[in-house]
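This report addresses two topics: enclosed cavities and the state of the cysteines. The structure is shown below.

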Amino acid sequence: MKNKFYVTTPIYYVNDVPHIGHAYTTIAADVLARFYRIRGYDVFFLTGLDEHGQKVQQAAAKAGIDPQTHCDRLMPAFKNLWATLNISLDAFIRTTDKPHQAIVQRCLQSLYDKDLIYQAEYTGWYCTFDERFWTEKDVENGQCPDCRRPVEQVSERNYFFRMSRYQQPLIDHIKSHPEFIRPESRRNEVLGFLQKPLEDLSISRPKSRLSWGVELPFDRDCVTYVWFDALVNYLSALEYLGRTTDATKFWPASVHLVGKDILTTHAVYWSTMLMGMGRPLPESIFAHGWWTVDGEKMSKSRGNVVAPNAMVEQFGVDAFRYFLLREVPFGQDGDFSHSAFESRYNAELANDLGNLVSRSLTMLGNFSNNLVPAMDQKSQTDLDRELAQTASNLFPAIDKHLANLEFNRALETILGLVQLANQYIDKTAPWTLAKDPAQDARLKTVLFHLAEVLRFLTLAIYPFIPTTAEAMRTRLGMTVSFDQALLANLPVWGDYAYTGETTKGTSLFPKNLPKKPTGQAAESSAASTASPKKAVKDKKDNSIPSGGEPGLPPADQIGIEDFMKVQLKVAKILHAERIPKSDKLLKLQVDIGTERRQIVAGIGKKYTPEELPGRTIVVVANLKPAKLMGVESQGMVLAAGDKDVVSLLFLPDDAPPGTKVK
Ligand code: ME8
């Protein structure tokens with residue numbers, strides 16, 4: 001058996017805060033990392049940020065700050081999200097880390113020394129607005145295919161990596177390693193791409209055009225192409241962020257997880273770069289599909305970007321993790337909708353799993369004093385044997401599905417056992433057995449089987465929904481820890497000695513939750529953190545009728561999901577001026593953390609433009625832009641008052657711009 005597993009996610013651009021797509025890849029990687037750890041592998045799980053290049057430089061310029069400050073400001077949004085989502089990463093790399101940059105330069109130099117990088121004049125169609133070149137076939141009617149502005153022919157000095165040299169070796173490698181590019185449809189796409197001649201890759205940008213990058217060690221006037229910098233992270237992290245001094249230990253990577261959008265850069269650029277460097281290729285590159293939202297492409301301008309934090313707030317972290325991996329086969333595109341989320345939540349987490357745990361633990365409490373009884377062999381029936389057999393088949397099936405990155409099939413198999421166990425309860429009816437003292441041995445056997453099936457499920461769900469697994473482990477009174485390689489040997493039905501007491505606990509997945517309001521109260525116990533926040537309960541305790549506040553007609557009420565659509569953010573006012581011919585309107589320039597916005601606000605009778613710069617306020621960040629007296633407003637400020645403004649909502653001046661307000 002292999003004993004090491006190295007999994008990576010793409011390193012994400014810090015041009016904006018993370019969204020559901022970033023969460024998706026990272027959660028998938030986390031499931032693999034957790035699974036292989038408890039299977040006894042030595043695991044290294046790497047994620048991080050891609051901080052150089054045009055996109056980041058532009059985002060920083062838009063926010064009016066230098067790129068490094070911009071990266072430093074956005075970085076916590078990613079790190080905090082990974083903590084919220086229980087991502088068990090081993091290392092977090094940033095491409096602005098000095099050691100990473102030095103390693104990129106070393107790679108460049110070694111390729112240059114081997115004459116695998118050469119200098120040449122590059123002529124192409126350049127779009128000044130997008131600051132990028134297009135090839136002849138991209139350009140339509142002399143226009144940039146992206147922004148439709150005219151392009152011009154520009155020549156510049158450039159360095160090229162001799163990628164073409166590796167075309168045939170790469171084709172041969174893909175053909176002789178069926179696991180190298182997965183799923184198969186994507187492998188065929190790459191092979192199709194490689195049927196056309198592979199050109200050499202331009203790996204430099206003149207600083208006059210792009211300064212935010214790693215300088216070429218052999219030409220100080222150029223920085224390297226962002227992908228040449230970014231891809232090297234998979235190797236450089238092992239050198240300076242690894243747990244061992246042996247940087248070769250985890251290479252080649254077991255699997256690079258990537259979205260389908262960046263398969264070519266990994267399968268072709270990265271593979272040929274590695275060939276040039278004389279390093280082995282990763283064992284596998286898996287390209288997953290893309291999420292749309294309610295059938296539409298997710299984008300900021302459409303205002304439909306799914307914020308992972310809001311989903312966790314509403315449904316709990318485990319429900320979010322579960323949904324993403326259960327809903328869609330990993331290689332395929334999927335659609336995200338609240339209704340699909342609610343259906344899965346209610347049917348599979350609340351009704352199936354939550355219910356099984358709750359019923360079983362209640363019966364262990366009521367009929368066995370919270371102790372798992374020993375089984376009575378003589379009272380065993382075929383129902384018991386079927387349950388034990390299905391549970392024993394579970395782990396070999398999960399092994400196989402996860403080796404193929406079929407997360408949804410692994411979860412389907414787990415759910416199959418949950419459903420069988422619920423049927424087992426219905427058929428064995430322990431509550432009837434409990435009424436008849438002559439059935440005591442049979443009751444004990446049934447209760448034992450329920451404890452065992454919960455134990456197997458606890459181990460099986462751990463990589464996917466670890467907080468729920470931890471809650472189940474505690475409630476079953478199991479004394480093991482998930483830090484141990486609990487599945488190094490597959491569990492055997494009946495071989496665990498229960499010593500602790502069982503506890504029922506609160507509902508793991510409260511039913512019909514999406515229809516109820518949630519709030520911000522945080523839960524503290526490990527056993528309940530998997531559940532959504534419990535403000536629902538708190539409200540009830542304050543005896544507000546379930547229909548809402550007395551006197552508030554239901555039609556005027558909104559659900560939390562409506563409220564969550566409004567993105568409120570901390571903003572700092574940078575500049576304010578009056579709009580000519582208006583005594584009421586002020587034009588504000590504000591910093592909302594990720595960018596600078598212009599907001600027109602009707603606060604001119606209350607405030608002078610001079611007193612506002614430097615003040616920290618709250619804005620609605622996802623309001624459709626509108627024009628007021630011909631001036632575009634890209635948001636709205638929050639203020640008390642109706643017709644007349646009483647006060648802007650001021651916050652302490654050290655509240656960081658971009659912080660969410662809720
Ligand atoms: O491409 N559905 O970074 P990036 C699913 N920095 N996944 C999605 C998604 C969606 N709608 N949108 C994004 C980059 N993703 C480079 C990578 S690696 C050396 C450099 C996920 O911030 C998916 O994993 O644009 C995709 O590949 C990644 O985010 C791109 O993130």
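## The second largest cavity

Helices α13 (382–403) and α14 each contribute at least two residues to the lining of the second largest cavity. The model described here is predicted. Of the elements that line this cavity, α14 gives the most, with 4 residues.

The volume of the second largest cavity is about 40 Å³. Its lining is formed by Leu-383, Glu-386, Leu-387, Leu-420, Gln-423, Tyr-424 and Lys-427. By class, 4 of these lining residues are nonpolar, 1 is polar and 2 are charged. Glu-386 and Lys-427, both in the lining, count as charged, and Gln-423 counts as polar.

## The largest cavity

In total, the structure contains 2 cavities of 30 Å³ or more. The largest cavity encloses about 70 Å³ of space. Two helices, α12 (338–368) and α14 (407–428), each supply at least two residues of its lining. The largest share of that lining, 4 residues, belongs to α14. Helix α14 thus appears in the account of both cavities, giving the most to the lining of the second largest cavity as well.

The residues around the largest cavity are Tyr-322, Glu-348, Leu-349, Leu-353, Leu-411, Ile-414, Leu-415, Val-418, Ile-461 and Ile-465. This lining divides into 9 nonpolar residues, no polar residues and 1 charged residue. The charged residue is Glu-348.

## Cysteines and disulfides

How many disulfides does the model contain? With a disulfide taken as a pair of cysteine sulfur atoms within 2.5 Å, the count is 0. Cys-107 takes part in no disulfide, and the nearest cysteine sulfur, which belongs to Cys-222, lies 18 Å away. Cys-107 is also buried, with a relative accessible area of 7%.

Why does Cys-144 form no bond with Cys-147? The closest cysteine sulfur to that of Cys-144 is in Cys-147, at 3.7 Å, and this is too far for a bond because the cut-off is 2.5 Å. Cys-144 is buried, with a relative accessible area of 0%.

## Summary

The predicted model holds 2 cavities of 30 Å³ or more, and the count of disulfides is 0. Both Cys-107 and Cys-144 are buried. The lining of the largest cavity includes 9 nonpolar residues and 1 charged residue, whereas that of the second largest cavity includes 4 nonpolar, 1 polar and 2 charged residues.

Terms used. Residues are numbered from 1 along each chain as its sequence is written. This is a predicted model: local features need pLDDT of at least 70, side-chain atom pairs count only at pLDDT 80 or more; totals for chains, interfaces and linings use all residues. Side-chain values use heavy atoms; hydrogens and water are left out. Buried means under 20% relative accessible area, exposed over 50%, partly exposed in between (1.4 Å probe, protein chains only). On a 1 Å grid over the protein atoms alone, a cavity is a set of points where a 1.4 Å probe fits but cannot get out, and a pocket is an open set with protein on both sides within 12 Å along at least five of seven lines; lining residues have an atom within 4 Å of a point. Grid points are joined across faces, edges and corners, and a volume is the space filled by probe spheres set on the points.
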